[in-house]
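This report describes one protein chain for a reader who has not seen it before. Please look over the sequence and the structure first.

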Amino acid sequence: MPTTPAHRNRLTRGYTIALVSAFIFSTASILIRHLTQTYGLPSLVLAFWRDFIVSLCLLLWFLIIRPSLLQLPRQHIGYLLIYGFFLAAFNSFWTLSIVLNGAAVATFLAYCSSAFTALLGWYFFKESLHWAKLAAVILSLGGVVLVAGALDPDSWQLNLLGSLVGILAGLLWASYSLLGRSASRRGLNPWTTLFYTFTFATAFLLLFNLLPGNFILGAAASPGELFWLGNAWWGWLILFFLAAGPTLAGFGLYNVALTSLPASVVNLITTSEPVFTALIAFIVLGESLSGIQVIGSMLILGGVVLLRLYEGWLEGRQ
């Protein structure tokens, strides 16, 4: 049976939204780097305010424009509570991985989630695991290594704890993607899912920051440090823009893409984020872009194109 225009449109729509999401995520990375380097803002304090502002903006938007999106059947509350915990845990382990492993290796280990998502999606959701998807995973991982600069042998002086934390960050992001796909299958609106996920994640991140003992790297050392930025109003403005703009739009579109495509495909597409980050840093900030990074970018984008062409071919055979 030949494919229908609706099938083709769904595929094109999903890929387009996922690529836009990856681009938006890349702008968030630059703003996060500015906040942590310029103001010394602890990473988990930043994550708390980021998630809180996203939840607040969505709440106000729902109350004014779409109150119906706040409605949530009780049977989904526990599910979204777990979803929010995975988001908060990913933020925490991702931050810790950067501290223990450095940015280059942490980026590579986090994007191992593309392989984890492909395998877990195949096992739990019976998503296809064809040769083109496996090839796209290999291309994307190789590309991330080159773009992130993880070829430097000094970057790989890992200890066992650093390795485990980095791999766990990748698994948590894969789990977040799969939970998003499951939410779509439950019939939950992606923006409703986003609101409750970020609201629960905010609560967990507040708890992580207030736990006694200061054993979580990047957390507030005292309740007062939650207001680290103090009267640095420009810093607060950047933080608000980071949350209300790139974070809300990036995660929101990621959830929307999961309504059209398997979690493994969306995850693979968003591995193009380091490519966009490098390009923006090159164009806007004047940072250098090496030949190795260009090759890595081509590998990542090549994997996305390969996957799109093959899945388009599969759609045409149906």
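Which residues does serine 29 touch, not counting residues up to four places away in sequence? Serine 29 touches Glu273 and Thr277, where contact means heavy atoms within 4.5 Å.

The model is predicted, so local features need pLDDT of at least 70 and side-chain atom pairs count only at pLDDT 80 or more, while totals for chains, interfaces and linings use all residues. Residues are numbered from 1 along each chain as its sequence is written, and side-chain values use heavy atoms, with hydrogens and water left out.

## The chain as a whole

The protein chain has 12 helices and zero strands. Helices (H or I, at least four residues) and strands (E, at least two) are DSSP runs, numbered from the N terminus. Of the 318 residues of the chain, 52% count as buried. Buried means under 20% relative accessible area, exposed means over 50%, and partly exposed lies in between (1.4 Å probe, protein chains only).

The protein chain exposes about 14500 Å², and carbon and sulfur atoms supply 72% of this area. Accessible areas come from the Shrake-Rupley method with a 1.4 Å probe; for residues, only the protein chains shown count as cover. Among contacts between residues at least 6 apart in sequence, 86% join residues at least 24 apart.

The largest nonpolar core has 84 residues, and those with the most contacts inside it are Tyr15, Leu80, Tyr176, Leu239 and Phe251. Helix 2 gives the most to this core, with 11 residues. A nonpolar core is a set of buried Ala, Val, Leu, Ile, Met, Phe, Trp, Tyr and Cys residues joined through side-chain atoms within 4.5 Å.

## Helix 2 and helix 8

Helix 2 (residues 43-64) packs against helix 8 (residues 190-210) at an angle of about 145°, and their axes are 8 Å apart. Axes are lines fitted to C-alpha atoms, for helices over the stretch in contact, and angles run from 0 to 180 degrees between N-to-C directions. The residues that meet include Leu44, Phe48 and Asp51 in helix 2, and Trp191, Phe195 and Asn209 in helix 8. By class, this contact has 16 nonpolar, five polar and one charged residues. Here Ala, Val, Leu, Ile, Met, Phe, Trp, Tyr, Cys and Pro count as nonpolar, Asp, Glu, Lys and Arg as charged, and the others, Gly among them, as polar.

Threonine 192 lies in helix 8. Threonine 192 counts as buried because its relative accessibility is 4%. Leaving out residues up to four places away in sequence, threonine 192 touches Phe62, Leu69 and Gln71.

## Residues in helices 1, 7 and 9

Serine 29 and serine 21 are both placed in helix 1 (residues 5-38). Serine 29 has a relative accessible area of 26% and is therefore partly exposed. Serine 21, at 0% relative accessibility, is buried. Not counting neighbours within four places in sequence, serine 21 is in contact with Gly250, Leu253, Tyr254 and Thr270.

Serine 177 belongs to helix 7 (residues 160-185). Its relative accessibility is 0%, so serine 177 counts as buried. Beyond residues up to four places away in sequence, serine 177 touches Thr117, Tyr254, Leu258, Ala263 and Asn267.

Phenylalanine 240 is found in helix 9 (residues 233-257). At 44% relative accessibility, phenylalanine 240 counts as partly exposed. With neighbours within four places in sequence set aside, phenylalanine 240 is in contact with Ile53, Cys57 and Gly245.

## Leucine 72 and leucine 80

Leucine 72 lies in the loop between helix 2 and helix 3 (77-101). Leucine 72 is buried because its relative accessible area is 17%. Not counting residues up to four places away in sequence, leucine 72 touches Ile77, Leu80, Leu188 and Tyr196. Leucine 80, with neighbours within four places in sequence left aside, is in contact with Leu72, Leu188, Thr193, Tyr196, Thr197 and Phe200.

## Pairs apart in sequence

The table lists C-alpha to C-alpha distances.

| Pair | Separation in sequence | Distance in space |
|---|---|---|
| Serine 21 and valine 266 | 245 residues | 9.6 Å |
| Serine 29 and glutamate 273 | 244 residues | 9.1 Å |
| Phenylalanine 240 and tryptophan 49 | 191 residues | 8.4 Å |
| Leucine 72 and leucine 188 | 116 residues | 8.5 Å |
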